[in-house]
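Me: I would like to go through some of the labels used for this structure. Please give the reasoning behind each one.

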Amino acid sequence: MKEGSTDRSAVGDVLCVVLAAGEGTRMRSATPKVLHKIAGLSMVGHVVAAIEQSGVTGVAAVIGPDRDDVSDEISSRFTGASIHVQTERLGTAHAVLAARERLETHAGPVVVLFGDTPLITPELVSNIATELATGADIVVVGFEAADPTGYGRLIIEDDAVTAIREHRDATEKERQITLCNSGVMGFGAGALPALLDAVGNDNAKGEFYLTDAVEIGRQRGLSTRVVVANSVEVMGVNDRVQLAEAEALMQDRLRRSAMMNGVTMVDPKSIMLSYDSVIEHDVQMESQIWIGPGVTIHSGALIKSFCHIEQSIIGYSSQVGPYARLRPGTVLGDGVRIGNFVETKAAQISQGAKVNHLSYIGDASVGMDANIGAGTITCNYDGHAKHRTTIGDEAFIGSNSSLVAPISIGERAYVGSGSVITHDVPSETLAVGRGRQRNIEGWQKLKRS
């Protein structure tokens, strides 16, 4: 039994077979189980990402019939992945056999993974490959369970796996074993097709189990080893409760990685990150922050409480929030200030600019050191199409102004508070677009009478 160190040089010629055909009826969802998301990425996407990061160059995915959505997700995540359809669900060995065409053209080792184990790591894939590269014919991934009830047990003799015993078939002595089967397995070059042919379905369910390959292999003189994984790495997700548990574990992993890389989190448990979040050192994050996919936050930035950010770039030493929402396409330059109850979308806001209060800046470009007053709105949608607003360097937009796009505000132009601006404003020009104030003396007395 080994918890071997990662050797990514061993994985290049490995083919990973990903079993992603399960319907997941316990999820009670029209969405295939493996497409449910953890930290903004589908579960099978996490598995494929771990494979790619390990250095593996080949993926064969087994999916159910009429599941183009699953096929598209896998193909978009791993270039060159082959897709194979399992028309009947007759056990794990039967599922792997669906990829036989790819297996018979692959001369190297094979690792079998599952599309509903989103917490699997590149290191685990590499460790399996290392064991196969150093002489193992069959590698079984096990984990220590605090309560092994219901799990298959790994029977070990002289550091070799001799059998995988299902709980219902185990003796009382075997049920005391806490080293359990994860289902993840590896097979040496050329070993798998012959083993699959020998697996039978003489069991209560009449299914073909990949785990039977261990005893068959031992009878044929093949060497078997076990790699012990952390139970979290091989955790499967079968229902919404387990989905939430996996999300929490993934968030802990992402937060810890960020903090170890120099990010300050005042209240880590209240911060939600995404699988691809890029947060540089010396970023400070307060509480109750949601970071969606596609976000980069550069060094020195401060993200205040209750912010919602997705598909955005935040420049060096910028400040966001509290209560700000940055929607897709937002790019903040260095030293930008985005204040409370500000929403941005498809907005490029240049260095030193300020949007401090209660404003919507959408489909807009804001120049350097411009100031956007409270309550400003870029009116970007006319009911049929979106239009763009351009605001020049050092422009000043007075509070409660509406800028009706398409429109351009020149450099150092000044828009008076409360204006509705419908025409371009030249540089260094004052624009006022509001009704003239009229005071009617005695109006309140007249009204009461």
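**Labels and their reasons**

Reply: Arg-77 and Glu-73 are four residues apart in helix H2 (residues 68–77), so about one helical turn separates them. The model is a predicted one.

Me: What makes the contact between Arg-77 and Glu-73 a salt bridge?

Reply: The closest N and O atoms of Arg-77 and Glu-73 are 3.5 Å apart. The cut-off is within 4 Å, for a side-chain nitrogen of Lys or Arg and a carboxyl oxygen of Asp or Glu. The pair therefore counts as a salt bridge.

Me: Why is Glu-73 called buried?

Reply: Its relative accessible area is 16%, and buried means under 20%. Glu-73 is therefore buried.

Me: Why is Arg-77 called partly exposed?

Reply: Arg-77 has 32% relative accessibility. Partly exposed lies between under 20% for buried and over 50% for exposed, so the term applies to Arg-77.

Me: What makes Leu-358 exposed?

Reply: The limit is over 50%, and Leu-358 has 54% relative accessibility, so Leu-358 counts as exposed. Leu-358 sits in the loop between strand E26 (354–357) and strand E27 (360–366). Together with Phe-306, Tyr-323 and Phe-341, Leu-358 makes a nonpolar surface patch of about 420 Å².

Me: Why are helices H1 and H5 called oblique to each other?

Reply: Helix H1 (residues 43–54) and helix H5 (residues 122–133) pack at an angle of about 55 degrees. Roughly parallel needs under 35 degrees, and roughly perpendicular needs 65 to 115. The angle fits neither, so H1 and H5 are oblique. Their axes are 8 Å apart, and the crossing is right-handed.

Definitions and conventions: Residues are numbered from 1 along each chain as its sequence is written. This is a predicted model: local features need pLDDT of at least 70, side-chain atom pairs count only at pLDDT 80 or more; totals for chains, interfaces and linings use all residues. Side-chain values use heavy atoms; hydrogens and water are left out. Patches are made of residues with over 30% relative accessible area and no salt bridge: like charges are joined within 9 Å, nonpolar side chains (Val, Leu, Ile, Met, Phe, Trp, Tyr) within 5 Å. Accessible areas come from the Shrake-Rupley method with a 1.4 Å probe; for residues, only the protein chains shown count as cover. Helices (H or I, at least four residues) and strands (E, at least two) are DSSP runs, numbered from the N terminus. Buried means under 20% relative accessible area, exposed over 50%, partly exposed in between (1.4 Å probe, protein chains only). Axes are lines fitted to C-alpha atoms, for helices over the stretch in contact, and angles run from 0 to 180 degrees between N-to-C directions. Angles under 35 degrees count as roughly parallel, over 145 as roughly antiparallel, 65 to 115 as roughly perpendicular and the rest as oblique. A crossing is left-handed if the near helix is turned anticlockwise from the far one by less than a right angle, and right-handed if clockwise.
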